[in-house]
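The exercises below are worked on one protein chain. Try each task on the structure before reading its solution.

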Amino acid sequence: MEILGNVLIPILALAVIILLILFISKSRKDGRHYDEMQEHIRATGYKISYFVTLIGLTLLCILMETIPAFSRVIAPTFGMFTVLMAGIVTFVIYCIFHDSFLSIGQNIKSYMILCAVIIVCNGIGCARQISEKSFLEDGQLTFSGASNLVCALSFLVILIALVIRNAKSGEAEE
């Protein structure tokens, strides 16, 4: 019964959520799409993001192997997650400032609200971990202890980019 409750039910719940999201996204036909120029810009953003991630992981490996103090402070899982988020944020920022993050007809304010909600939720999780003294594990930043902070900061950067882009597009319209 323990395996059912701890392993099987979360996996089934995740599968149901993924299928529900796929069903909703496929059934929604509201004319949103990316034009050819946006797709080209997004492809360039993917390339840049890939190289940021590749270089970041290479640097992480070098730091982990050559500086013993670094690996005592940063767990490999936390380092990889941070590099992964840096790659994602690079892609998003590039696309935002080249007008290819949002598809045609999409509202920027909904993404701004989504980012704010994610920041608040991860901020609450981070504050809880700090108050419970589980942020650091044996003096080391770990994925389970500090991933909320990385997520909150990543979405804060994305939100700032969206706000700047929205302000610039508002000035251009005037």
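The model used here is predicted.

**Exercise 1. Decide whether serine 49 is buried or exposed, and list its contacts beyond the sequence neighbourhood.**

Solution. Step one is the cut-off: a residue counts as buried under 20% relative accessible area. Step two is the value: serine 49 has 11% relative accessibility, and therefore it counts as buried. Step three places serine 49 in helix 2, which covers residues 36-66. Step four sets aside neighbours within four places in sequence; serine 49 is then in contact with Gly87, Ile88, Thr90 and Phe91.

**Exercise 2. Find which residues make up the nonpolar surface patch of about 600 Å².**

Solution. The patch is made by Tyr50, Phe51, Leu54, Ile55, Leu59 and Ile62. One of these residues, isoleucine 55, is found in helix 2. For the protein as a whole, about 11,700 Å² is exposed, and carbon and sulfur atoms supply 72% of that area.

**Exercise 3. Describe the overall layout of the chain: how many helices and strands are there, and in what pattern?**

Solution. Start with the count, which is six helices and two strands. Reading along the sequence then gives α-α-α-α-α-β-β-α. Next come burial and contacts. Of the 174 residues in the protein, 29% are buried. Among contacts between residues at least 6 apart in sequence, 76% join residues at least 24 apart.

**Exercise 4. Locate the largest nonpolar core and state which helices supply it.**

Solution. This core has 15 residues, and those touching the most other members are Val92, Ile96, Phe101, Ile158 and Leu162. Helix 4 (76-97), helix 5 and helix 6 (143-173) each supply at least two residues of the core. Helix 4 gives the most, with five residues. As a check on one member, leave out residues up to four places away in sequence: valine 92 touches Phe101 and Ile158. Apart from this core lies another, of 12 residues, including Leu60, Phe78, Phe135 and Cys151.

**Exercise 5. Compare the span of helix 5 with the expected span, and list the buried residues of this helix.**

Solution. Helix 5 runs over residues 108-131, which is 24 residues. From the first C-alpha to the last it reaches 34 Å, close to the 34 Å expected at 1.5 Å a residue. Its buried residues are Ile108, Met112, Cys115, Ile119, Asn122, Gly125, Cys126 and Gln129.

Then look at what follows the helix. Lysine 133 comes just after helix 5, in the loop between helix 5 and strand 1 (136-137). Lysine 133 has a positive phi of about 60° although it is not a glycine. With 70% relative accessibility, lysine 133 counts as exposed.

**Exercise 6. Find the two salt bridges and state how accessible each partner is.**

Solution. The general point comes before the pairs: side chains of opposite charge can pair when their charged atoms come close.

- In one salt bridge, the side chains of aspartate 99 and arginine 165 meet at 2.5 Å, N to O. Aspartate 99 lies in the loop between helix 4 and helix 5 and arginine 165 in helix 6, so the pair ties together parts that are 66 residues apart in sequence. Arginine 165 is buried, with 18% relative accessible area, whereas aspartate 99 is partly exposed at 46%. Aspartate 99 also has a positive phi, of about 55°, although it is not a glycine.
- In the other, glutamate 132 pairs with arginine 128, with the closest N and O atoms 3.2 Å apart. Glutamate 132 is partly exposed at 48% relative accessible area, and arginine 128 is partly exposed at 44%.

**Exercise 7. Work out where arginine 72 lies and which residues it touches beyond its sequence neighbours.**

Solution. Arginine 72 is in helix 3, residues 68-73. The cut-off for exposed is over 50% relative accessible area; arginine 72 is at 56% and therefore counts as exposed. Not counting residues up to four places away in sequence, arginine 72 touches Gly139 and Gln140. Finally, compare the separation in sequence and in space: arginine 72 and glycine 139 are 67 residues apart in sequence, and their C-alpha atoms are 7.7 Å apart.

How values were computed: Residues are numbered from 1 along each chain as its sequence is written. This is a predicted model: local features need pLDDT of at least 70, side-chain atom pairs count only at pLDDT 80 or more; totals for chains, interfaces and linings use all residues. Side-chain values use heavy atoms; hydrogens and water are left out. Helices (H or I, at least four residues) and strands (E, at least two) are DSSP runs, numbered from the N terminus. The expected span of a helix is 1.5 Å times one less than its number of residues. Buried means under 20% relative accessible area, exposed over 50%, partly exposed in between (1.4 Å probe, protein chains only). A nonpolar core is a set of buried Ala, Val, Leu, Ile, Met, Phe, Trp, Tyr and Cys residues joined through side-chain atoms within 4.5 Å. Contact means heavy atoms within 4.5 Å. Patches are made of residues with over 30% relative accessible area and no salt bridge: like charges are joined within 9 Å, nonpolar side chains (Val, Leu, Ile, Met, Phe, Trp, Tyr) within 5 Å. Accessible areas come from the Shrake-Rupley method with a 1.4 Å probe; for residues, only the protein chains shown count as cover. A salt bridge is a side-chain nitrogen of Lys or Arg within 4 Å of a carboxyl oxygen of Asp or Glu.
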